[in-house]
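Q: Could you take me through this structure feature by feature, giving the general idea before each case?

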Amino acid sequence: MGPYVAQVGAFSQLNRALRRAEQVRTVTDSVGITPYTTSTDTLYRVQAGPYPSASVASAALNEQASFSTTARHPWVRNATGKRFVVQVGALSSWNRARKRAAQAAEQGYSVSIQPEMRQRQVTYRVQAGRYRNRSAAEEARAVLGGQISGTARVLGTAGQGNYSVQVGAFTDLKQAQKQVRQLRGSDVPAYVHYKFPAPPYKVLVGRYTQRAPAERQENDLKSKFPGAFVLDLFAPSRD
């Protein structure tokens with residue numbers, strides 16, 4: 001099961017990873033760089049996605065790019081549980097994200113650039129380090145805050161889950177946004193989700209790592225939205 005990413009290179013030097021990412025951006029804006037630390041070195045993995053299956057990830061770039069791809073699960077967390085990173089920027093410009101990552105790398109930190117699609121805009125989240133506990137991450141944040149531009153903050157990397165509750169789907173983005181505003185006015189954590197570049201624009205509520213809490217949210221919404229259902233965001237498309 002997904003999510004999967006298409007890995008298009010792993011480099012010991014951040015600059016080489018950034019150059020490969022620039023190549024990938026001629027095909028898709030949804031490209032990121034994720035560090036993988038071994039006992040002797042750090043490799044920077046260049047990855048595009050996510051995609052719902054390994055086959056889709058493998059084929060995603062092969063037909064349009066001059067380099068081979070490998071499908072793999074993106075790193076989220078391992079068996080020892082949650083990790084923490086220091087986020088040093090959330091930027092709409094790839095060039096600004098690249099420069100911010102280079103600033104952190106110059107200070108000796110492993111860095112990642114993670115793309116996040118919101119409506120038609122990609123936000124590149126620049127993150128530094130990976131820590132076993134929040135206190136260690138906060139110490140790094142205090143140091144980084146004085147070394148680079150922008151505001152640094154600590155984030156947990158267990159992250160958002162695969163499950164959400166769908167309450168609507170629209171061909172018109174403005175209609176989807178209108179429903180989101182109405183839901184948020186009632187303190188319901190709604191947002192618009194879609195697969196670039198085409199509709200439908202889905203109105204979703206919440207993100208859950210397990211299906212059970214998503215089903216409880218579904219039941220709470222059924223009175224106003226009889227068609228509400230739990231959606232696995234990385235399952236094969238139903239559209």
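The dialogue below takes up strands, salt bridges, an aromatic pair and a pocket in turn.

Q: What kind of model is this, before we start reading it?

A: This is a predicted model, and each statement below should be read with that in mind.

Q: Let us begin with the strands. How many residues of strand β11 are buried?

A: The general idea is to ask how much of each residue a probe can reach, a residue being called buried when its relative accessible area is under 20%. In strand β11, which covers residues 201-208, seven of the eight residues are buried, so the strand is largely enclosed by the rest of the structure.

Q: Which strands pair with β11, and in which sense do they run?

A: Pairing is read from the bridges between two strands, and the direction of the strands is then noted. Strand β9, residues 163-170, is joined to β11 by six bridges, and these two run antiparallel. Strand β10, residues 190-193, also pairs with β11 in the antiparallel sense, here over four bridges.

Q: Which residues stand opposite each other in these pairings?

A: Between β9 and β11, Gln166 stands opposite Leu204, while Val165 has Val205 as its bridge partner. On the β10 side, His193 is partnered by Lys202 of β11.

Q: Which strand pairs with β9 besides β11, and is β9 mostly covered or uncovered?

A: Strand β12, residues 229-232, pairs with β9 in the antiparallel sense over four bridges, and within this pairing Ser164 stands opposite Leu231 of β12. As for its surroundings, β9 is mostly covered, since six of its eight residues are buried.

Q: What can be said in the same way about strand β5?

A: In strand β5, residues 84-91, seven of the eight residues are buried, so this strand is largely enclosed by the rest of the structure. Four bridges join β5 to strand β8, residues 153-156, and the two run antiparallel. One of the facing pairs consists of Val85 and its bridge partner in β8, Leu155.

Q: Now the charged side chains. How many salt bridges does the structure hold?

A: The general idea is to look for a side-chain nitrogen of Lys or Arg within 4 Å of a carboxyl oxygen of Asp or Glu. The structure holds six salt bridges, and a few of them can be taken one at a time.

Q: Where do Glu138 and Arg134 lie relative to each other in helix α4?

A: These two are separated by about one helical turn, because they are four residues apart in helix α4, residues 134-145. Glu138 and Arg134 form a salt bridge in which the closest N and O atoms are 3.8 Å apart. Glu138 is partly exposed, with a relative accessible area of 29%, and Arg134 also counts as partly exposed, at 39% relative accessibility.

Q: How far apart are the closest N and O atoms of Arg211 and Glu215?

A: In the salt bridge between Arg211 and Glu215 that distance is 3.1 Å. The two residues lie four residues apart in helix α6, so about one helical turn separates them. Arg211 is partly exposed at 38% relative accessibility, and Glu215 is partly exposed at 35%.

Q: Is Glu218 buried or exposed?

A: Glu218 is buried, with a relative accessible area of 14%, whereas Lys222 counts as partly exposed at 31%. The side chains of Glu218 and Lys222 meet in a salt bridge at 3.7 Å, N to O. Elsewhere, salt bridges that share partners join Glu22, Arg25 and Arg98 into one network.

Q: How many aromatic pairs are counted?

A: Here one looks at the distance between ring centres and then at the angle between the ring planes, calling a pair edge-to-face when that angle is over 60 degrees. The count comes to one aromatic pair. Trp94 and Tyr124 form this edge-to-face pair, with 5.3 Å from centre to centre and 75° between the planes. The pair links distant parts of the chain, since Trp94 belongs to helix α3 (residues 94-106) and Tyr124 to strand β7 (residues 121-131), 30 residues apart. Both Trp94 and Tyr124 are buried.

Q: Finally, which residues line the second largest pocket?

A: A pocket can be described by its space, by its lining and by the elements that supply that lining. The second largest pocket holds about 160 Å³ of space, and its lining includes Gln179, Leu183, Pro189, Asp220 and Phe225. Helices α5 (173-185) and α6 (211-221) each supply at least two residues of this lining. By class, the lining has five nonpolar, four polar and two charged residues.

Terms used. Residues numbered from 1 in each chain as written. Predicted model: local features only at pLDDT ≥ 70, side-chain atom pairs only at ≥ 80, totals over all residues. Heavy atoms only, no water. 1 Å grid on protein atoms, 1.4 Å probe; cavity = no way out; pocket = protein on both sides within 12 Å on 5 of 7 lines; lining within 4 Å. Points joined across faces, edges and corners; volume = space filled by probe spheres on them. Nonpolar A, V, L, I, M, F, W, Y, C, P; charged D, E, K, R; others polar. Phe/Tyr/Trp six-rings, centres within 6.5 Å; stacked < 30°, edge-to-face > 60°. Buried < 20%, exposed > 50% of the residue type's maximum accessible area, 1.4 Å probe, protein only. Pairing = 2+ DSSP bridges.
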